[in-house]
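Thanks for making the time this morning. I would like to walk through one model slowly, so please have the sequence and the structure open while I talk.

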Amino acid sequence: MSSHLPNASSSSSSPSSSSSSLGGTWILPDGRNSSLVRSGADLRPLAPVSPWDVALCVTGTLISCENALVLAALFYAPSLRAPTFILIGSLAVADLLAGLGLVLNFISIYALDTELATLASVGLLIAAFSASVLNILAITVDRYLSLYNALTYNTERTLTFTYAMLALIWLVCVALGLLPALGWNCLADEARCSVCRPVTKNNAVALAVTFLLVFALIMQLYLQICKIAFRHAQQIAVQQHHFAAISTTKGVSTLSAILCTFAACWMPFAMYSIVADSSYPAIYTYATVLPATCNSVINPIIYAFRNPDIQKSLWLACCGCIPTNFSLRPRTSSDV
């Protein structure tokens, strides 16, 4: 989000008495000619490209490619229409839009540089990343219900509940994304800006606190999932003691890795958004934003590419075959 976060790259000063205009170029104090981004009376030198902005743009491109691959795998296999895969697809759509938003933000800074482009890119980023976090919450709820109501989980009622949950999520996120364009921005008063311009400080704090509440709910749900998984493992311990213990331990380790990764990516930016404002150095904003965006790089690996059914669909879509050593081990109630 770069200069529209802390106005880093847009802070380059325009030519004044220290540089003069001759014909169609600007003559800088050291005698070099700068590149032009506009013609006529609005000539000005091209703003230097921040390496942080380049890193965010590259991250956005990687996010877009990864999640496009996930969506292609889901569409290629009509059998992947269970609630779990619908939620994974929704998460992939959210992360895909987040990646495109990062690329659009880079373009809006260095090519368009208009108020409309700024509001559009920031609104898309708010909506997409909000949807990404809430979809992770929805996937956690789905995992909890699949264990808590194992016998009645795969029913039409569950599918209806899944669609209703996703509709609510996207409705809320679209509304959040529209807020900057509807006047909830600091373009008219820079003193009200948060670390993410043009989001106001109050809005940034509200979003950060909401994230902390969502994260606390996710942790609580995963704690319940672990309790249920251990209880199921004990129930089948008589017949498959060794397998149940290994499977449950592996599942708990996976959940711990998921939570730690999620917290490591988003917690620094959430806490920084609460305590900081636009007067803080830009580098701190970049240093916390970049890990947060990387969560959308990791999501496909955690929620999609590890799934055997999606792996099978990817092999069929890309190669038209399945490796001979590929196996689809059925999931058990201990797999979390």
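Just after helix 2 comes Asp-113, whose phi is positive, near 50 degrees; helices here are DSSP runs of H or I with at least four residues, numbered from the N terminus. Before going on, I should say that this is a predicted model, in which local features need pLDDT of at least 70 and side-chain atom pairs count only at pLDDT 80 or more, while totals for chains, interfaces and linings use all residues. Residues are numbered from 1 along each chain as its sequence is written, and side-chain values use heavy atoms, with hydrogens and water left out.

Helix 2 itself covers residues 83-112, and because a span of 44 Å is expected for its 30 residues at 1.5 Å a residue, the 40 Å between its end C-alpha atoms agrees; the expected span is 1.5 Å times one less than the number of residues.

Let me turn to the aromatic rings. Rings of Phe, Tyr and Trp (its six-membered ring) pair if their centres lie within 6.5 Å, and planes under 30 degrees apart count as stacked, over 60 as edge-to-face and the rest as tilted. By this rule there are 10 aromatic pairs. In one of them, Phe-211 and Trp-266, the ring centres are 5.9 Å apart and the planes stand at 40 degrees, so the pair is tilted. This pair links distant parts of the chain, since Phe-211 sits in helix 5 and Trp-266 in helix 6, 55 residues apart. Are these two residues buried or exposed? Both Phe-211 and Trp-266 are buried, a word that means under 20% relative accessible area, with exposed over 50% and partly exposed in between, for a 1.4 Å probe and protein chains only.

For Tyr-272 and Tyr-280, the ring centres are 6.1 Å apart and the planes are at 85 degrees, so this pair is edge-to-face. Tyr-272 is buried, at 12% relative accessible area, whereas Tyr-280, at 36%, counts as partly exposed. Trp-266 also belongs to an aromatic cluster with Phe-129, Phe-211, Phe-215, Phe-262 and Phe-269.

Finally, the largest nonpolar core, a set of buried Ala, Val, Leu, Ile, Met, Phe, Trp, Tyr and Cys residues joined through side-chain atoms within 4.5 Å, has 69 residues. Those with the most contacts inside this core include Phe-262 and Trp-266. Which helix gives the most to this core? Helix 3 does, with 12 residues.

Methods. Helices (H or I, at least four residues) and strands (E, at least two) are DSSP runs, numbered from the N terminus.
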